[in-house]
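This report is meant for someone meeting the structure for the first time. Please look over the sequence and the model before reading on.

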2 protein chains.
Amino acid sequence: MPGDQTLAETAGLTEIGSLLGGQARLLRLPAQADVRGSLRPLEFSELPFIPKRLFVVDDVPAGVTRGGHAHASCRQLLLVLAGEVMIELRYKQKQANFLLSANGRAILIEPEVWSRQTYVGEGSVLLVLASEPYDDDSYVSG
Amino acid sequence: MPGDQTLAETAGLTEIGSLLGGQARLLRLPAQADVRGSLRPLEFSELPFIPKRLFVVDDVPAGVTRGGHAHASCRQLLLVLAGEVMIELRYKQKQANFLLSANGRAILIEPEVWSRQTYVGEGSVLLVLASEPYDDDSYVSG
């Protein structure tokens, strides 16, 4: 159910791990793969929030770090579509790192979770779905 | 305004062309680019439909063609995030081809527009936003 805190049990989208005491969750998007390639569907009704925007980050030189902030109330789903991106997360006294690659793993982060992303190689592409429209005032540096 | 037929005039998202008598439109997503890379935001309120799902297609061998159908009522936004994909479109007696690459160009297609995609090189990634949840009955082959 959109807006519900839990992921739909019947969905193709599956929760496969929890980080930072549940403030971040590792998800897996199933693929429909055959000799013609791989298609990964994501029904927004399967997410615990309704996306209001997305952004794509690319053309990042290898080794560059971006982000380094939290959001006061925005929830985000981070998905790597090419290459590899190291995701650093912090919430209160907890921290976690996770290397996202283009294999259908995604990280769902709750508000107030600080995140920083390091683009490991050339050609990495990060897709982020956000629960709120862009708001410059929502940024919380840490 | 979500659901309106026109794109918001004030939006960063810009219409830069029309195909098939207006049944397909070429859009440009502006980038915030600097030495750290490029970020392309897309506020869903700028689109003429509210996305209900997305899908990502990757791992497609060079030269493979996918799609080859229309949808009875679903609208779609096609965006290439890596590599190049040739988009073929048909609507009634009209046809158009457009080579999408990872430069922020996107194609918005209306219902009943037939589309087929040829992945030009290895490593191409296609992102599609759709106005309706998945429905096997919505497919119209042509």
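How many salt bridges does the count come to over all chains? In this predicted model, the count over all chains comes to ten salt bridges. Side chains of opposite charge can pair when their charged atoms come close. The table lists three of the pairs, with the distance between their closest N and O atoms.

| Acidic residue | Basic residue | Closest N and O atoms |
|---|---|---|
| A:Glu110 | A:Arg75 | 2.9 Å |
| B:Glu110 | B:Arg25 | 3.4 Å |
| B:Glu88 | B:Arg116 | 3.0 Å |

In chain A, the salt bridge between A:Glu110 and A:Arg75 joins the loop between strand E10 (105-109) and strand E11 (114-119) to the loop between E6 and strand E7 (76-82), and the two residues are 35 residues apart. Both A:Glu110 and A:Arg75 are buried, and they belong to a network of salt bridges that also links A:Glu15 and A:Arg25.

In chain B, the salt bridge between B:Glu110 and B:Arg25 ties together parts that are 85 residues apart in sequence, because B:Glu110 lies in the loop between E10 and E11 whereas B:Arg25 lies in strand E2 (residues 24-28). B:Glu110 counts as buried at 11% relative accessibility, and B:Arg25 is buried as well, with a relative accessible area of 9%.

The salt bridge between B:Glu88 and B:Arg116 links strand E8 to strand E11 of chain B, across 28 residues. Here B:Glu88 counts as buried at 16% relative accessibility, while B:Arg116, at 27%, counts as partly exposed.

Turning to how the chains are arranged, chain A can be laid on chain B with an RMSD of 0.0 Å by a turn of 180° and a shift of 0.0 Å along the axis, which is the relation of a two-fold axis. The same surface serves both copies, since 100% of the contact residues of chain A recur in chain B.

At the interface, 33 residues of chain A are in contact with 33 residues of chain B, and the two chains bury about 2700 Å² between them, 55% of it on carbon and sulfur atoms. Zero salt bridges are found across this interface, although twelve residue pairs are in polar contact there. On the side of chain A that touches chain B, the largest share, seven residues, comes from E4(A), and the residues of that side divide into 20 nonpolar, four polar and nine charged.

Key: Residues are numbered from 1 along each chain as its sequence is written. Chains are lettered from A and ligands numbered from 1 in the order in which they are written. This is a predicted model: local features need pLDDT of at least 70, side-chain atom pairs count only at pLDDT 80 or more; totals for chains, interfaces and linings use all residues. Side-chain values use heavy atoms; hydrogens and water are left out. Copies are superposed by least squares on the C-alpha atoms of residues with pLDDT of at least 70 in both. Contact means heavy atoms within 4.5 Å. Buried area is the accessible area (1.4 Å probe) that two parts lose on being put together, summed over both. A salt bridge is a side-chain nitrogen of Lys or Arg within 4 Å of a carboxyl oxygen of Asp or Glu. A polar contact is a pair of N or O atoms within 3.5 Å; within protein, one must be able to donate a hydrogen and the other to accept it, and residues adjacent in sequence count only if both atoms are side-chain atoms. Helices (H or I, at least four residues) and strands (E, at least two) are DSSP runs, numbered from the N terminus. Ala, Val, Leu, Ile, Met, Phe, Trp, Tyr, Cys and Pro count as nonpolar, Asp, Glu, Lys and Arg as charged, and the others, Gly among them, as polar. Buried means under 20% relative accessible area, exposed over 50%, partly exposed in between (1.4 Å probe, protein chains only).
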